[in-house]
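Hello,

Here is the structure we talked about handing over. Please open it first, then read the notes below.

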Amino acid sequence: MSNVAIIGGGAAGMMAAAAAAKAGHQVRLYEKNEKLGKKLYITGKGRCNLTNACETEELFDAVIHNPKFLYSSFYAFTNQNVMDFVKVHGCPLKTERGNRVFPLSDKSSDVIRAFSRALKELGVSVCLGEEVESLSWEEGRMKGLILKKGGRFVAADRVVVATGGLSYPSTGSTGDGYRFARQTGHKVTKLNPALVPLEVRELSQVKALQGLSLRNVRIQVLLGKKVLYEDFGEMLFTHFGVSGPVILSASSYVARELLKGELVLSVDLKPALDREQLDGRLVRDFQEMKNRQYKNALSRLLPSKMIPVIVERSGILPEKPVNEITREERKALADCLKDFRLTLTGLRDYREAIITQGGVSVGQVNPGTMESKLVEGLYFAGEVLDLDAMTGGYNLQIAFSTGYLAGMCAGQDKENKG
């Protein structure tokens with residue numbers, strides 16, 4: 001029987017512990033927080049979007065970096081397997097728009113309780129408030145780990161590092177896994193916040209729009225004339241810039257470019273109308289409001305918060321009667337509506353990032369087992385790896401799938417491995 005140690009009690013760590021224990025091995029899970037699943041607790045605004053109910057093949061399309069690496073893990077433990085596991089352990093689920101899967105209760109604590117029940121049933125020793133200081137290995141083989149408290153050595157011939165990334169540091173995500181990886185000779189790729197709000201240069205305007213949520217807009221992120229990312233959906237203005245689903249997804253695709261320099265965000269506020277249709281709409285609105293001033297004639301077209309900003313951008317005098325607005329001025333207004341531009345200056349920090357982009361290089365990890373190619377008996381799972389995906393439950397699916405594969409393979413006798 002092997003001694004398997006799991007470092008980290010988040011999504012990947014709990015799943016790894018369950019999978020290793022199911023194979024009949026002695027499993028200890030070390031979590032430095034006072035409870036399991038601290039980051040899981042706050043995901044999905046406390047509702048926990050634990051996976052996406054799409055076809056398994058579609059999962060790969062949502063992965064931004066290194067999707068091919070996930071082939072074995074996604075098929076070893078599918079989204080359906082995740083749903084079945086959680087339901088079997090007492091947490092009913094529901095599927096919402098975009099195939100997002102949530103606990104029926106809308107409480108992430110119910111998902112964590114399901115995992116806690118599973119670990120208890122499987123006999124996993126959960127060691128809370130136990131921080132791991134470093135790993136112990138000799139001649140390319142794991143020997144165990146050293147705990148911070150008292151510098152105590154714990155023997156373990158299989159160790160799964162599932163410590164998460166750097167996002168939401170208040171939950172204990174302080175990059176310990178990257179340190180362990182570097183200690184054992186592994187490369188850690190460039191790290192940056194991802195699925196994170198973006199900062200803009202035009203602060204006075206976004207502050208005026210703060211709290212305004214726009215639905216059904218089309219966005220593009222541009223580097224010069226090159227389109228780096230485009231999407232359709234919902235965005236939100238904040239005191240520092242922009243957020244909301246389409247912005248968070250964009251951040252993961254453009255983060256590395258944005259760290260090099262400014263980019264342009266172009267928002268089409270009226271994507272359902274082409275330029276000609278929009279001009280026709282403006283003509284009709286202005287005819288019906290012909291006795292009004294321009295600043296008071298946009299209420300059918302825009303949310304009230306947005307009107308002063310668009311009026312300013314269009315260059316049309318606010319008090320001008322709409323029956324005096326020229327065709328050229330209508331074109332200028334249409335330009336503002338179809339191409340509302342903001343200058344992206346940077347990413348918010350890890351405190352607001354849903355995930356970390358970058359991590360342990362997947363080239364040094366066996367995708368069929370999650371075992372290190374450098375140190376025998378050392379496994380990596382979850383956000384610590386250089387893997388990231390869109391919003392919608394996909395990142396937790398990565399954590400569950402890689403955690404399961406790491407735990408299952410760590411819980412196998414070496415001679416029985418394929």
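Let me start with one side chain. At 30% relative accessibility, Glu96 counts as partly exposed, because buried means under 20% and exposed means over 50%. Keep in mind that this is a predicted model.

Salt bridges

What does Glu96 meet in a salt bridge? The partner is the side chain of Arg47, at 2.5 Å from N to O. Arg47 has 24% relative accessibility, so Arg47 counts as partly exposed too. The pair ties together distant parts of the chain. Glu96 sits in strand E5, residues 93-96. Arg47 lies in the loop between helix H2 (38-42) and strand E3 (51-52). The two residues are 49 residues apart. They also belong to a network of salt bridges, which links Arg47, Lys94, Glu96 and Asp106.

How many salt bridges does the structure hold? The count is 27. Two others are worth a look on screen. Glu329 and Lys320 meet through their side chains at 2.9 Å, N to O. Both Glu329 and Lys320 are buried. Arg341 and Asp339 form another salt bridge, at 2.9 Å from N to O. Arg341 has 37% relative accessibility, so Arg341 counts as partly exposed. Asp339 is at 27%, so Asp339 also counts as partly exposed. As background, side chains of opposite charge can pair when their charged atoms come close.

The barrel

Next, the sheet. 6 strands close into a barrel, and their pairing is antiparallel. Going round, the order is E13-E16-E15-E14-E17-E18. On average, neighbouring strands of this sheet are turned by 45° against each other, direction ignored. Helix H12 (residues 327-338) packs on the sheet. H12 touches strand E17 (263-268) and strand E18 (340-347). The direction of H12 makes about 110° with that of E17.

Some pairings to check by eye:

- E15 (residues 226-237) and E16 (residues 241-243) pair in the antiparallel sense over 2 bridges. Leu236 has Ser243 in E16 as its bridge partner.
- E13 (residues 198-200) pairs with E18 over 3 bridges, again antiparallel. Glu199 stands opposite Gly346 in E18.
- E17 and E18 run antiparallel and are joined by 5 bridges. Val267 has Phe340 in E18 as its bridge partner.

Is E18 mostly covered or mostly open? Mostly covered: 6 of its 8 residues are buried.

Helix H9

Last, a helix to look at closely. H9 covers residues 245-258, which is 14 residues. What span should H9 have? At 1.5 Å a residue, H9 should span 20 Å. The end C-alpha atoms of H9 are 18 Å apart, which agrees. H9 has a kink of about 50°, centred on Ser252.

H9 is mostly covered, with 10 of its 14 residues buried. Which residues of H9 are buried? They are Val246, Ile247, Leu248, Ser249, Ala250, Ser251, Ser252, Val254, Ala255 and Leu258. Ser252, where the kink is centred, is on that list of buried residues.

That is what I found. Write back with any questions.

Best wishes

Note on methods: Residues are numbered from 1 along each chain as its sequence is written. This is a predicted model: local features need pLDDT of at least 70, side-chain atom pairs count only at pLDDT 80 or more; totals for chains, interfaces and linings use all residues. Side-chain values use heavy atoms; hydrogens and water are left out. Two strands pair if DSSP finds at least two bridges between them. Helices (H or I, at least four residues) and strands (E, at least two) are DSSP runs, numbered from the N terminus. Axes are lines fitted to C-alpha atoms, for helices over the stretch in contact, and angles run from 0 to 180 degrees between N-to-C directions. Contact means heavy atoms within 4.5 Å. The expected span of a helix is 1.5 Å times one less than its number of residues. The bend at a residue is the angle between axes fitted to the seven residues ending there and the seven starting there. Buried means under 20% relative accessible area, exposed over 50%, partly exposed in between (1.4 Å probe, protein chains only). A salt bridge is a side-chain nitrogen of Lys or Arg within 4 Å of a carboxyl oxygen of Asp or Glu.
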